[in-house]
Amino acid sequence: MHLIASPELDQFREQCRDWLADNVPRGTRPLEGAALRDFDLGWQRRQYDAGWAGISWPKDYGGRGASVLEQLIWHEEYARAGAPPSASMFVALSHAGPTLIVSGSEAQKQRHLPTILRGEENWCQGFSEPGSGSDLASLKCRAHIEGDALVVNGTKIWTTYGEHAVWQELLVRTDPDLPRHKGISWVICDMRSPGIEVRPIKAMSGLTHFAQVFYDDVRIPLTNVVGEINGGWKVAMTTLGFERGTATIAHQIELTNVVERLISTARAMAGGADEAVMADLATLKSEVMALRSLTVASVSRGMREAVPGPEGNIVALYFAELTRRVNGFSFDLLGHKALERGGAHDWPLNYLESFKWAIGGGTTDIRRNAIAERLLGLPKGPSARDLVR
Amino acid sequence: MIIDLTPSDDQRMIEDGVRGFLQDRLPVERLRDVQNHGGAAERSLWGELSGLGLFGLGSAEQDGGLGLGLAEEALVARALGHALASPIMLAQLAAPHFATGAGLRAALISGAAKAAFANDLGDGVAHLIDGDGADQILLLSPQGAMLLPRSAVGEAQSVAGIDETVAFARVSLPSDLPARFPATDRTSLLISAYLTGIAQATTSTAVDYAKTREQFGQPIGAFQAIKHLCADMASRAAAAEAQCFYTAVAFGNGLDDASEVAAARMLAARAAIENAKANIHIHGAMGFTADCDAHLFLKRAHLMALLGSNRATERQRVLGH
């Protein structure tokens, strides 16, 4: 436990800050659709041209190869500069790309990593199914081998940017007779293939950023299988990304800014906000400070651990529950004014969108199980039995 | 500012050393014997405790201290919380920083001068905590703190308090108290670390019990309802821990220290109290008995949460100006 003082890191911070100040897109970011994707790809290209793309990716694969502390600084400055979230590039940069780097063939890496970094092609995820949410290993989307291709039939759901992505990381069942987590394959699916139908799904916020995908005899070349056939569960479980907890910094800083905005709004109210409101704001502020400290603790561990430990679930759980309470506090503070959509800060939109954090990427219930079983060592339940360790 | 929150080998050694000593010589079970209440167990080991060098951890070497920082003091304070050590241990850790003369500071560091907390109740009255044998009083209130000689306060009138393992006494305060030392931040952070220790100790006790206690043919920790209670305990404790040590490392380096400490205090007090409650609950009917140690953690958590503080003060501080 100590302060890290380093002139090199200070210099790196200045470099990040200067470049971001000159380059962060100023225009309004579209909320959804192809316009949003094009905006995100353009921003990715801009980072690529200046050598910032793939900040956490190894240099050998065209990334910046930044150390954990440099990543931390980059994400801090990124959030402070108000730079856009990676959004439509998220799966490519933080999930599919790192998976290919760890488990892909040389040809797969050559084909895909550069187009991701250059912002030419974005990715979506095909993991969840209508019957397989938290219990992912129960997935049924079927693929059988026909000549030199896999033929896929079935459906995937909650595919964010499914309508606007070029590639998909897809989990399919290639052998229904093997134990459930042993008959799954991880494949690269071209979203432009014949037989794919994408039906957009509107979220409760009114935004349409995810979709259900249907596969009707979709042919995928066998060369697109990542890792072994039937070895996809292992490939999926070893996808850890290279971020070591640094990527959540941006979310944490944004949430801190929202709390500060709530506090200054309360102070500016005629006659001042009532005591109960200020008491709640004090609690929220202490919790965003804790979130920051938890993130710093997680990054500190990331400097030493090759594989992130189960502690990351605490940070994710804390963020998921806190963001919902912070964004919902607008009603207590502003009353009926907070019911109005649009405006400089669309409170209902942010509130309604905040629910996704407690559900997507592992529900808060599954995260509590993981904390109890993997961190505290309580008896394993069904959600842990498939874990490949 | 970049902070590494993983303890160094030296820091780990300090904490492990203190923990080992406390587990060995001052285990929580000692409190089942009334002879050990009121800081008596600690006073009987005073020579050994002073010999560990704890009380001078954060003081300059020329004063007889070890010249380390607030992070090391906080690690020790957390270990004290784990063991439900008498608050006099924390008072002794904090007091050297309030001593105005070099002689008194050296005496506090060596353990020759003995400190105890007094909690200002207003109207010229304070609660003296485990004050037997103390010759220095570290008076705490939300407005500030100051170190007084024992002779400056009136005679102790013993009263029963929520925590029967702590000696509570009312003392009258001098009417002509000088202006208070304004910043109790450092002391409040140590109290927060102690509360974090309670939050962590209750988590591990509850988890250990949930692994061994069987009902319906399986350990109760196999039930999701219990798992989720334990996960929430771990999360609260982790949040308090991270905020305490982040603040300890960053202290004095340009952040709003008062606000950071207040956040640590709010989070640690809540974690200690809520986790102590959950620990009692997970122990079931046994947890409700006086024979089980679970209640001791709850009582101490409430006492420490209100030492020189209250919620309204911490809320104001965390929001800043």
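This short talk covers how two chains meet, one pocket, and the salt bridges in this structure.

Keep in mind that this is a predicted model.

Let's start with the contact between the chains. How many residues does the contact take from each chain? Chain B gives 45 residues, and chain A gives 45 residues. Together the two chains bury about 3,800 Å². Of that area, 64% is on carbon and sulfur atoms. Look at three residues on the chain B side: B:Ile2, B:Asp4 and B:Leu319. They supply 21% of the area that chain B buries against chain A. That is more than any other three residues.

Now the polar side of this contact. Between chain B and chain A there are five salt bridges. B:Asp4 makes a salt bridge with A:Arg304. The closest N and O atoms of this pair are 2.6 Å apart. For polar contacts, the count between the chains is 21 residue pairs, with both residues at pLDDT 80 or more.

Which elements of chain B touch chain A? Those giving two or more residues are β1 (2-4), α4, α7, α8, α9 (257-282) and α12 (311-319) of chain B. The most comes from α8(B), with 15 residues. By type, this side of chain B has 25 nonpolar residues, 13 polar and seven charged.

Next, the second largest pocket. Its space comes to about 840 Å³. The pocket is lined by 27 residues. Which of them are closest to the centre? They are A:Arg301, B:Arg78, B:Gln200, B:Ala238 and B:Glu241. Both chains supply elements with two or more residues in this lining. From chain A, these are α8 (275-302) and α9 (312-334). From chain B, they are α1 (9-25), α4 (70-82), α7 (185-212) and α8 (224-250). Again, look at α8(B): it gives six residues, the largest share of the lining. The lining divides into 14 nonpolar residues, five polar and eight charged.

Last, salt bridges across the whole structure. Side chains of opposite charge can pair when their charged atoms come close. Over all chains, a search finds 38 salt bridges. One case sits in chain A, where the side chains of A:Asp40 and A:Arg29 meet at 3.1 Å, N to O. What does this pair tie together? A:Asp40 lies in helix α2 (residues 33-49), and A:Arg29 lies in the loop between α1 (7-23) and α2 of chain A, so the salt bridge ties together parts that are 11 residues apart in sequence.

Methods. Residues numbered from 1 in each chain as written. Chains lettered and ligands numbered in written order. Predicted model: local features only at pLDDT ≥ 70, side-chain atom pairs only at ≥ 80, totals over all residues. Heavy atoms only, no water. 1 Å grid on protein atoms, 1.4 Å probe; cavity = no way out; pocket = protein on both sides within 12 Å on 5 of 7 lines; lining within 4 Å. Points joined across faces, edges and corners; volume = space filled by probe spheres on them. Helix = DSSP H or I, 4+ residues; strand = E, 2+ residues; numbered from the N terminus. Nonpolar A, V, L, I, M, F, W, Y, C, P; charged D, E, K, R; others polar. Contact = heavy atoms within 4.5 Å. Buried area = accessible area lost by both parts, 1.4 Å probe. Salt bridge = Lys/Arg side-chain N within 4 Å of Asp/Glu carboxyl O. Polar contact = N/O pair within 3.5 Å; in protein donor to acceptor, adjacent residues only side chain to side chain.
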